[in-house]
Amino acid sequence: METALQTKVEESRNELIQLVSFKLEQEEYGVNVLKVREIIRMPSITRVPNTPHYIEGVINLRGKVIPIISMRKRFNLPEGETSNQTRIMVIDMEGELMGFVVDAVSEVIRISESEIQPPPAVVNSAIEQECLAGVINQTDRLLFFLNLEKLVSREERQLFSGIM
């Protein structure tokens, strides 16, 4: 006979979550849809001197200045051409808005939390700051589930707010 706690744990593992999936190179990644404020086309980006290499600059989004991070540069991927599929995902990072440049935004997918598997140790060490929250293995694809709060540290966010 199951205890109430075991039942509760099992129910939470089967809870549905929604992810926004996006592409970098040939790989597919996902972030929790609740963190995504909007997805916009590439505007002109104003460069900011003396910032880390992965900071593209800033944009003005309806009167608010937002730092823009290149996900390719952040993951040490080769720079790609900006195409008509390139997008900026505006993400809420603990109350601060930040933009992340991705090659393309694919779709919003629903998955059960039980589908998220822990990342293999080899993969986890390859992506900086352990921002990989898990791997989702679907029949036709693998998707890396990212924890963006770990992608950009609190200190880095404070540095960006100082730039603004």
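1. Quick bit of vocabulary before anything else: two strands count as paired if DSSP finds at least two bridges between them. With that in hand, strand 4 and strand 5 are joined by six bridges and run antiparallel. One contact to click on is Val58, whose bridge partner in strand 5 is Pro67. Keep in mind throughout that this is a predicted model.

2. The turn of that hairpin is worth a look too. Two residues sit between strand 4 and strand 5, and Arg62 in this hairpin takes a positive phi near 50°.

3. Now for the whole sheet. Five strands make an open sheet with mixed pairing, and the order across it is 3-6-7-5-4. Strand 3 (36–41) and strand 4 (55–61) are the edge strands; each has a single partner strand, so one side of each has no neighbour in the sheet. From one strand to the next, the twist averages 30°.

4. Strand 5 (residues 64–70) also pairs with strand 7 (residues 96–102): three bridges join them, and here the strands run parallel. Ile68 has Gly99 as its bridge partner in strand 7. As for accessibility, strand 5 is mostly covered, with five of its seven residues buried.

5. On to the pockets. The largest one has a volume of about 230 Å³. Its lining comes to 15 residues, and those nearest the centre are Glu56, Ser70, Gly80, Thr82 and Val101. Helix 2 (71–74) and strand 7 each supply at least two residues of this lining. If you're thinking about chemistry, the lining of the largest pocket splits into five nonpolar, four polar and six charged residues.

6. Two loop residues deserve a backbone check. Asn76 isn't a glycine, yet has a positive phi of about 55°. You'll find Asn76 in the loop between helix 2 and strand 6 (87–93). Its relative accessible area is 61%, and the cut-off for exposed is over 50%, so Asn76 counts as exposed.

7. Glu94 is the other one: again not a glycine, again with a positive phi, this time of about 50°. Glu94 belongs to the loop between strand 6 and strand 7. How exposed is Glu94? With a relative accessible area of 46%, Glu94 is partly exposed, since that class lies between the buried limit of under 20% and the exposed limit of over 50%.

Note on methods:
Residues are numbered from 1 along each chain as its sequence is written. This is a predicted model: local features need pLDDT of at least 70, side-chain atom pairs count only at pLDDT 80 or more; totals for chains, interfaces and linings use all residues. Side-chain values use heavy atoms; hydrogens and water are left out. Helices (H or I, at least four residues) and strands (E, at least two) are DSSP runs, numbered from the N terminus. Axes are lines fitted to C-alpha atoms, for helices over the stretch in contact, and angles run from 0 to 180 degrees between N-to-C directions. On a 1 Å grid over the protein atoms alone, a cavity is a set of points where a 1.4 Å probe fits but cannot get out, and a pocket is an open set with protein on both sides within 12 Å along at least five of seven lines; lining residues have an atom within 4 Å of a point. Grid points are joined across faces, edges and corners, and a volume is the space filled by probe spheres set on the points. Ala, Val, Leu, Ile, Met, Phe, Trp, Tyr, Cys and Pro count as nonpolar, Asp, Glu, Lys and Arg as charged, and the others, Gly among them, as polar. Buried means under 20% relative accessible area, exposed over 50%, partly exposed in between (1.4 Å probe, protein chains only).
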